[in-house]
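Welcome! Here are a few exercises to work through with the sequence and the model side by side. Try each task before you read its solution.

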Amino acid sequence: VFRPALTIIMIAGNPSLRPDALLTRLQIIRALLIGVAFGVVLAFLFAFQSVPEPLRLDLGQASSKTILAPDRSIFQSDIQTRDARAKAEANVPDVYDPLNASLARAQVGWASRVMNYVDLIRHDAAQSPDRKLEAVQAIPGVTLIPQTIKSTLTLDDNTYHRLVAETLYVLELTMRDPIRPSDLPAESAKIPARISVALSADQAEVVSQWCQAFIVPNSFLNPAQTEEKRAQARAQVEPIYRTIEKGQAIVREGEVVTPLTWEALQAAGFLRTQLSTVDYLGPVLLAILLAVLLTIYIIHLRRELIAQWRLLLLVAVLTLAFVACLKAIGGETSWARYLFPVAAAAMLLAVLVDSLTALGVSFILALAFGFLTHGSLESVLYALAGGIIAALSLERIERLPAFLWSGLYVGAANSLNVRDAL
C-alpha cells in the first residue's frame, strides 16, 4: 500500500532533479500543461457558484424569518441619497424676477384712464343711474361691488377728483413694492393703512376698493433660475453610503420590510435570481493570480520539480483536492469552518515532496480558505499559521514521532487563532 508513496519520496531525492539540471523541451511542455490545467480547474472552483434561492418577501409585509448579512458590505443607498437631495431641493426658495417697474407705471396709467372714463360716465346726463352702473361694470379688468360704483357715481366733482388723486397715489405707493401673485391678499390688506386719515370712513372705503381693483402682481416666478438653483442644491449632496456589518440582522422575524430594508437585502445579494459576469470575473482573476504565484514560487525555489511531471502533478492534485473540500464548506459562516484540516495538505506535501513546496502551497491554500469561506484576515492567518507550522515541523519521514509533534504544534497554533477569530 505504501510502495507508490515511497516511490514518489525516493524521486524527490533523485540526483537528476538538481536545481542546476537543464530542462528538456518535453519537461517544460508537461509542466506548462499541468500549470494551465491547474489554473483552469482552480478558476472553475472559485467561479462556480450556485444561484441563491430568492427570498419570499414582500415590501410592506412582515418578514417570516431573521436574515443576517453574510459579509460586510458598503453600498450607495439610492433611497437615502434621493431623500437627502429632495430635502435639499425643497429648502431652495422659488426665484422671482425683480420688480417690473414698467408694469407698475402701466398699471397706474391704466387706472388714471379708467377714472377719467368713469368721470365721463358720471357727467352723461343721457344715461340713467342703472345704465351708468352697467357701463362701469363693463370696463375690462375692473371688478367692484355695486355699492362702491354707486357711491363713486354720486360724488360731487371736488370730492371725486380728490378721491381719484388719493387712489392713484396709494396705487403707485403699493406698486413700488414687489408683488408676487401669492402676495395679492396681503397687499390688499395693507391699503387701508396707506389712505389719508383726512378722508371719512366712507370715502376711504371707496379709495380702498378702487385701489384693490387695480393692484396686479409685478414680480413673477422664474422657472429656469429656480430649477437651476435646485439642481445646484441636488448636486451638492454627496451620495450616501450604508454599511452592513457581517452578521448584522438586516431584517428580523416579524419586522415590516421597508424600502431601506429591501435595498439592504438587494445589496447583500439576497434578491438576485441569477449571477452576472462580474460575479465570475473576480474569482477567476484571483484563481489565475494564485496559480501564477505558485508557478513563480516553484520556478524560483523548487525548479527541479518541473523536470518530474508526476511529482508536479501530485502537488497540483493535492492542492486542488483541498481547495475543492474548502469549496464544499464555503457557505459555512460559523465556527465549523475551523474544523477543516487546512494544515493536512501541508503535512502531506512535506512528507511526499518537501517542506519548501509544502510552504508555498500553504500560502495558496490560506488565501483560498479566506476567499471560499468568506472569511476575514483572521481566517487567512488561521489557515496560514497551521500550514507553515505543519510544513516546517515535518522535514524527515523516517522520524515517525514528527507526525505527533507536528500535529500538536498545529493544534496549539490553530487553537490560539480560533480563539482570536471567534
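**Exercise 1.** Decide whether Thr143 is buried or exposed.

*Solution.* Start with the cut-offs: buried means under 20% relative accessible area, exposed over 50%, and partly exposed in between (1.4 Å probe, protein chains only). Thr143 has a relative accessible area of 68%, so Thr143 is exposed. Next, place the residue: Thr143 sits in the loop between helix H5 (129–137) and helix H6 (146–153). Helices (H or I, at least four residues) and strands (E, at least two) are DSSP runs, numbered from the N terminus. Finally, look across to Phe214: from C-alpha to C-alpha the two residues are 9.0 Å apart in space, while 71 residues separate them in sequence.

A note before you go on: this is a predicted model, in which local features need pLDDT of at least 70 and side-chain atom pairs count only at pLDDT 80 or more, while totals for chains, interfaces and linings use all residues. Residues are numbered from 1 along each chain as its sequence is written, and side-chain values use heavy atoms, with hydrogens and water left out.

**Exercise 2.** Describe how H7 and H9 cross.

*Solution.* First, take the axes, which are lines fitted to C-alpha atoms, for helices over the stretch in contact, with angles running from 0 to 180 degrees between N-to-C directions. The axes of helix H7 (residues 157–175) and helix H9 (residues 201–214) come within 9 Å and cross at roughly 45 degrees. That makes H7 oblique to H9; angles under 35 degrees count as roughly parallel, over 145 as roughly antiparallel, 65 to 115 as roughly perpendicular and the rest as oblique.

Then list the contacts (heavy atoms within 4.5 Å). Thr159, Leu163, Glu166, Thr167, Val170 and Leu171 in H7 meet Gln203, Val206, Val207, Trp210, Cys211 and Phe214 in H9. Sorted by type, the residues of this contact are eight nonpolar, three polar and one charged. Here Ala, Val, Leu, Ile, Met, Phe, Trp, Tyr, Cys and Pro count as nonpolar, Asp, Glu, Lys and Arg as charged, and the others, Gly among them, as polar.

**Exercise 3.** Find which parts of the chain the salt bridge of Asp354 ties together.

*Solution.* Recall that side chains of opposite charge can pair when their charged atoms come close. A salt bridge is a side-chain nitrogen of Lys or Arg within 4 Å of a carboxyl oxygen of Asp or Glu, and by this rule the count comes to 13 salt bridges. Asp354 pairs with Arg302, their closest N and O atoms being 2.2 Å apart. Asp354 lies in the loop between helix H14 (343–352) and helix H15 (355–372), and Arg302 in the loop between helix H12 (277–301) and helix H13 (309–328), so the pair joins parts that are 52 residues apart in sequence. Both Asp354 and Arg302 are buried.

**Exercise 4.** Work out which residues Ser77 and Ser73 touch.

*Solution.* Begin with Ser77, in the loop between S2 and helix H3 (78–90). With a relative accessible area of 0%, Ser77 is buried. Leaving aside residues up to four places away in sequence, Ser77 touches Ile240, Tyr241, Arg242, Leu260 and Glu263. Now turn to Ser73 in strand S2. Ser73 is buried because its relative accessible area is 16%. Its contacts, again not counting residues up to four places away in sequence, are Arg242, Thr243 and Ile244.
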